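Student: Got a minute to go through a model with me? I'd like to start with helix packing.

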Amino acid sequence: MTEPADEIHSPEVYRAAVRLPPFWPDRPAIWFAQAEAQFELAAITRQRTKFNYVVSQLNQQQAAEVEHIIISPPEHEPYDRLKAELVRRLSTAREQRETAPLAQGNG
């Protein structure tokens, strides 16, 4: 028995299930390390796929921090750009919060 022609020539699509934890705005670098472990386990290497997974985990406030990247994703390395920008912005905000009481107390 032969298979229909469209079944022989159609590529099979496999989707790996990735379960990312909710995004941690106070510890973005650690969260990205966990996300990348999940991507590796699921053999996900495409930048756009990683980008989409990360965007799906951001709440409104976090997404607003990188709105320009989400709305107009870079053609090259969208995941790396999103990751770098989130880590930079959220780490800077955290550092400012942690040093603010010290600065106020010395006045």
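Student: Which residues in helix 2 meet which in helix 3?
Tutor: Keep in mind that this is a predicted model. From helix 2, Trp31, Phe32 and Phe39 make the contact. Their partners in helix 3 are Lys50, Tyr53, Val54 and Gln57.

Student: What's the mix by class?
Tutor: Five nonpolar residues, one polar and one charged.

Student: And the geometry? How do the axes of helix 2 and helix 3 cross?
Tutor: Helix 2 spans residues 28-41. Its axis comes within 12 Å of that of helix 3, and the two cross at roughly 130°. An angle over 145 would count as roughly antiparallel, and 65 to 115 as roughly perpendicular. Helix 2 and helix 3 are therefore oblique to each other.

Student: Left-handed or right-handed crossing?
Tutor: Right-handed.

Student: Stay on helix 3. Which of its residues are buried?
Tutor: Lys50, Phe51 and Val54, within a helix that runs over residues 47-57. They cover an arc of only 105° around the axis, so they sit on the same side of helix 3. Lys50 and Val54 also appear in the contact with helix 2.

Student: Switching to backbone. Which residue in the loop between helix 2 and helix 3 has a positive phi?
Tutor: Ala43, at about 60°, although it is not a glycine. Ala43 lies in that loop.

Student: Is Ala43 buried or exposed?
Tutor: Exposed, with a relative accessible area of 63%.

Student: What about Glu77, where is that?
Tutor: In the loop between helix 5 (67-71) and helix 6 (78-105). Glu77 has a positive phi too, near 55°. Glu77 counts as partly exposed, at 47% relative accessibility.

Note on methods. Residues numbered from 1 in each chain as written. Predicted model: local features only at pLDDT ≥ 70, side-chain atom pairs only at ≥ 80, totals over all residues. Heavy atoms only, no water. Buried < 20%, exposed > 50% of the residue type's maximum accessible area, 1.4 Å probe, protein only. Helix = DSSP H or I, 4+ residues; strand = E, 2+ residues; numbered from the N terminus. Arc of directions from axis to C-beta. Axes fitted to C-alpha atoms, helices over the stretch in contact; angles between N-to-C directions. Parallel < 35°, antiparallel > 145°, perpendicular 65-115°, else oblique. Left-handed = near helix turned anticlockwise from the far one by under 90°. Contact = heavy atoms within 4.5 Å. Nonpolar A, V, L, I, M, F, W, Y, C, P; charged D, E, K, R; others polar.
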